[in-house]
Amino acid sequence: TDAGFRMMVPLGPTSEWARNVLAAGHCRMQLRDVVYELDEPALLAAGEMGDIRGPVAWVLDRLGVHYLLLRRVAEAPGRLDVPEADAPPAEPEHAEPATAAAG
């Protein structure tokens with residue numbers, strides 16, 4: 001959208017990703033080679049969207065489809081990938097517990 005992004009959330013309010021974004025109040029998203037800072041999330045049913053009307057809105061509402069609206073705060077070239085040097089250390093492998101030899 002002109003102000004940010006509108007993402008379809010087929011699982012609606014049961015989507016963990018959407019609930020996490022709503023709880024945090026912001027998120028970052030990478031689209032191609034641009035990272036967007038987004039805030040003011042709002043989860044709306046398809047019928048609440050002003051540009052989805054009539055039978056389409058009715059069907060999407062019955063299917064439980066919602067949309068997550070996010071306002072664009074900033075954007076910058078980049079990637080969300082974590083450089084290897086900054087990546088957290090790998091989990092140590094756990095050795096099998098030693099067993100006592102039968103005597």
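M8 reaches well beyond its own stretch of chain: leaving aside neighbours within four places in sequence, its contacts are V65, H66 and Y67. This is a predicted model, and M8 is found in strand β1, which pairs with strand β4 in the antiparallel sense. From there we can walk through the sheet and finish at a nonpolar patch on the surface.

**M8 and its surroundings**

- M8 is partly exposed, because its relative accessible area of 47% falls between the 20% and 50% cut-offs.
- The C-alpha atoms of M8 and L68 are separated by 6.5 Å, although the two residues are 60 residues apart along the chain.
- H66, one of the contacts of M8, is also the bridge partner of V9 in β4.

**How β4 pairs with β1 and β3**

- Strand β1 covers residues 4-9 and strand β4 covers residues 66-77, and six bridges hold the pair in register.
- Two of the residue pairings between these strands are worth finding in the structure: F5 has L70 as its bridge partner in β4, while V9 has H66.
- On the β3 side, 10 bridges join residues 34-45 to β4, and the two strands run antiparallel.
- Within β4, A74 stands opposite E37.
- As general background, strands of a sheet pair through backbone hydrogen bonds, either parallel or antiparallel.

**The sheet as a whole**

- Four strands make up an open sheet, and following it across gives the order β1-β4-β3-β2, with antiparallel pairing.
- Strands β1 and β2 (26-31) stand at the edges with a single partner strand each, so one side of each has no neighbour in the sheet.
- On average, neighbouring strands of this sheet are turned by 40 degrees against each other, direction ignored.
- It also helps to recall that in a regular strand the side chains alternate between the two faces of the sheet.

**A nonpolar patch on the surface**

- Which residues make the nonpolar surface patch of about 340 Å²? They are W58, V59 and L63.
- L63 lies in helix α2, which spans residues 54-63.
- Is L63 buried or exposed? L63 is exposed, because its relative accessible area of 61% is over the 50% cut-off.

Conventions. Residues are numbered from 1 along each chain as its sequence is written. This is a predicted model: local features need pLDDT of at least 70, side-chain atom pairs count only at pLDDT 80 or more; totals for chains, interfaces and linings use all residues. Side-chain values use heavy atoms; hydrogens and water are left out. Two strands pair if DSSP finds at least two bridges between them. Axes are lines fitted to C-alpha atoms, for helices over the stretch in contact, and angles run from 0 to 180 degrees between N-to-C directions. Patches are made of residues with over 30% relative accessible area and no salt bridge: like charges are joined within 9 Å, nonpolar side chains (Val, Leu, Ile, Met, Phe, Trp, Tyr) within 5 Å. Accessible areas come from the Shrake-Rupley method with a 1.4 Å probe; for residues, only the protein chains shown count as cover. A salt bridge is a side-chain nitrogen of Lys or Arg within 4 Å of a carboxyl oxygen of Asp or Glu. Buried means under 20% relative accessible area, exposed over 50%, partly exposed in between (1.4 Å probe, protein chains only). Contact means heavy atoms within 4.5 Å.
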